[in-house]
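Hi,

Here is the structure we talked about. Have a look, and my notes are underneath.

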Amino acid sequence: MRPLVTLVARALARMVAMLWLIASVTFLAIRALPGNPVDVWMQEMQGTGLTGDQARDQAARLLKIDVDESLVSQYVGYMRNLLRGDLGDSIILSPGTPVMEMLGVRLAWTLFSVSPALIVGFLIGLYLGSRAAYRRGTWLDRLITNGSALTDSMPPVLIGILLVFYVGVVWELVPIQSLRGAYSSGVQPGFTLDFALSALAHVIMPSMVYVLASVGGWTLMMRGSALGVLKDDYVAQARARGLSERTIRVSFVQRNARLPLVTGFAISMGFVVSGSVLVEEIFVYPGVGQLLADALALRDYTVMQGVVLATTVTVLIATAIADTLYGWLDPRTRTEYE
């Protein structure tokens with residue numbers, strides 16, 4: 001019991017240290033970017049005939065930013081707010097709106113579009129990888145392997161553009177122009193059938209991109225892992241005992257081959273929070289990825305910091321869940337702490 005308590009305490013201490021490190025690096029990196037919120041706002045105001053100094057002063061007043069505040073003072077204030085669980089208010093995207101509130105709204109749409117797609121891509125990858133390993137050297141293996149390598153090598157943004165072009169423009173299978181956003185204009189959000197159908201219609205294309213972008217990698221990893229397991233002695237012993245190939249495949253090969261993939265899958269779920277910036281931009285989907293892209297363009301420091309910190313927290317939580325799942329799936333790792 002005592003080693004387990006020590007392990008949990010060390011894990012929590014490591015998480016806190018990682019959060020502090022990521023928050024500090026993010027704070028400094030964002031302020032090292034060329035331009036700041038006042039510069040962006042000044043460019044808008046200088047078109048009204050104001051001088052540079054007048055535009056700078058007016059922008060600073062409107063955005064409530066002290067342009068002369070030292071970096072150390074900003075950092076201390078940022079860390080003080082973080083300890084209170086306050087991510088601050090948006091500076092320029094939606095002035096005065098709490099970043100936590102903005103994240104909550106956008107996160108719901110990102111989770112709706114990315115999470116099911118990642119799970120579907122993972123499960124399809126496990127199945128195809130296992131089939132390819134069992135049919136090694138056959139036409140099916142070559143078809144699955146080459147197809148997986150092709151999709152794995154393509155960036156999600158390219159898959160999104162190809163889907164829009166062929167599915168929406170060339171084949172006209174979906175009305176791509178009307179699928180911008182999370183739901184159709186004129187539909188009121190709520191627990192109604194119209195809203196549910198509209199939201200599902202709008203999420204199909206982004207979700208297809210996430211499935212196609214992830215399934216190739218999972219397939220190749222599962223195939224490699226399954227090929228390694230098939231060479232293990234206990235598989236040969238199971239065959240010698242006369243067990244059926246289905247039992248060997250399900251109970252021995254698939255179960256052990258998927259273990260190394262669990263951690264990677266959990267970490268990928270952690271990155272759900274950040275979504276896919278470019279994919280959400282292509283489909284004008286109002287998720288966290290599009291929020292980050294807008295914040296980067298306008299140098300909204302607090303929103304950028306909030307998105308990065310939220311992503312870090314979810315990745316750390318996902319990693320902890322992966323460790324727990326790994327222990328549950330592989331009893332050999334539990335004996336050390338029992």
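Below is what came out of it, from the overall fold to the cores.

A word on the basis: this is a predicted model, where local features need pLDDT of at least 70, side-chain atom pairs count only at pLDDT 80 or more, and totals for chains, interfaces and linings use all residues. Residues are numbered from 1 along each chain as its sequence is written, and side-chain values use heavy atoms, with hydrogens and water left out.

The protein has 14 helices and 0 strands (DSSP runs numbered from the N terminus: H or I of at least four residues for helices, E of at least two for strands). Of its 338 residues, 38% are buried, meaning under 20% relative accessible area with a 1.4 Å probe, protein chains only. Take the contacts (heavy atoms within 4.5 Å) with a separation of 6 or more: 72% of them are between residues 24 or more positions apart.

Now the inside. The largest nonpolar core (buried Ala, Val, Leu, Ile, Met, Phe, Trp, Tyr and Cys residues joined through side-chain atoms within 4.5 Å) has 21 residues, and Tyr 78, Leu 103, Leu 291, Val 303 and Val 307 have the most contacts inside it. Two or more residues each come from helix 1 (2-32), helix 4 (71-83), helix 5 (99-134), helix 13 (288-298) and helix 14 (301-329). Helix 14 gives the most, with 5 residues.

Tyr 78 touches Ala 23, Phe 27, Gln 305 and Leu 309, leaving aside neighbours within four places in sequence. Apart from this core lies another, of 16 residues, including Ala 226, Leu 230, Ala 238 and Ile 248.

Cheers

Definitions and conventions: Buried means under 20% relative accessible area, exposed over 50%, partly exposed in between (1.4 Å probe, protein chains only).
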